[in-house]
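Subject: Structure handover

Hello,

Here is the structure we spoke about, with the sequence. My notes on it follow below.

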Amino acid sequence: MAQLERPLTRQEKVKIVGSLLKQAPPEEFYEAFSDLRLLVGDDSLLCPEAASLCALHNKLYFTPVMRKECEVLLTRHNELEEKHFLDSQRQVSFKFDHMRKEASEFQAHPQEDEKGEAWRRALYEGLKAYVSSHYPGGICSVFIKDTAIRKILIACIAGRLHRPSAFWNGLWKSEWTFTLTPTSTSTQVAGTIMVQAHYFEDGNIHLTVCKDVAENLPVTTETQTSQDFVKLLEDADNQFQDGLMEEYKRMSNTHLKAFRRQLPITHSTIDWEKIVTAKIVEAPAVQ
């Protein structure tokens, strides 16, 4: 007799639910959570975890905060403390309710390092111009972290389109990091590009593609380095998009073709409407 599998512990259930919610596309967290809540059937287990899981999801997928006081992406890089974030460009801190997606308690948060702020602002201005022309509805944020011997610059981009009426949802996001020292003449840029697409009309197709990028960046003036960085990023984006299109063409004739309903041997579609509405003629009985 086969050995019965042991039931999952509460901790194991939370871990599995967290892993599934981590994969939920942007704008679909609440739907995924509601479905998992019905499957698990234990509100005392999931509800206390909802806020922390939602916070993790918002930071992972660079949820935008668009208010008159600030315009910034939520990331782990600008989290000051629990539920509090920084908009470096507006030099404002705020509290964010992850479940309601509401920002409040705005306070001035000026930057003390003027030299570092000059580098951050130059990078933001160049990046914003690129994002405005290439990402419909996209947002970028640039953050800086100071250590004793170097400055770390982090650039984050997110462009998302949510079309529930057309049954699809998409996200293109990227994160770029490089360091500066007083004697830098060049630096290494490390980037990660991620594209996520979800199509759910009469089915469920979920695509996630990631690519890591590592390139050398000359360091000169703030303005010139910003321009060189944006050119590096644009080249990486274009190469990634070209690769996606090539892969899509290949998949159209293989994997995606297998998902489609096969035509009958006549290679023509059947007019079901005509068949349904056609009158049935009763044939006379054969004597």
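β7 and β8 pair in the antiparallel sense over 8 bridges (strands are DSSP runs of E of at least two residues, helices runs of H or I of at least four, numbered from the N terminus; two strands pair if DSSP finds at least two bridges between them). This is a predicted model, in which local features need pLDDT of at least 70 and side-chain atom pairs pLDDT 80 or more, while totals for chains, interfaces and linings use all residues. Residues are numbered from 1 along each chain as its sequence is written, and side-chain values use heavy atoms, without hydrogens and water.

A hairpin of 4 residues links β7 to β8, and Ile144 has Leu153 in β8 as its bridge partner. β8 also runs antiparallel to β9, with 13 bridges; Ala158 stands opposite Lys173 in β9. In the hairpin between β8 and β9, the turn residue Phe167 has a positive phi of about 65 degrees.

The largest nonpolar core (buried Ala, Val, Leu, Ile, Met, Phe, Trp, Tyr and Cys joined through side-chain atoms within 4.5 Å; buried means under 20% relative accessible area, exposed over 50%, partly exposed in between, with a 1.4 Å probe and protein chains only) has 30 residues. Among those touching the most other members are Leu153, Phe178 and Phe229. The helix α5 (222–252) is one of the elements that supply at least two residues, and α5 gives the most, with 7. A second, separate core of 19 residues includes Leu73 and Met194.

Leu161 lies in β8 and counts as partly exposed because its relative accessibility is 33%.

Regards
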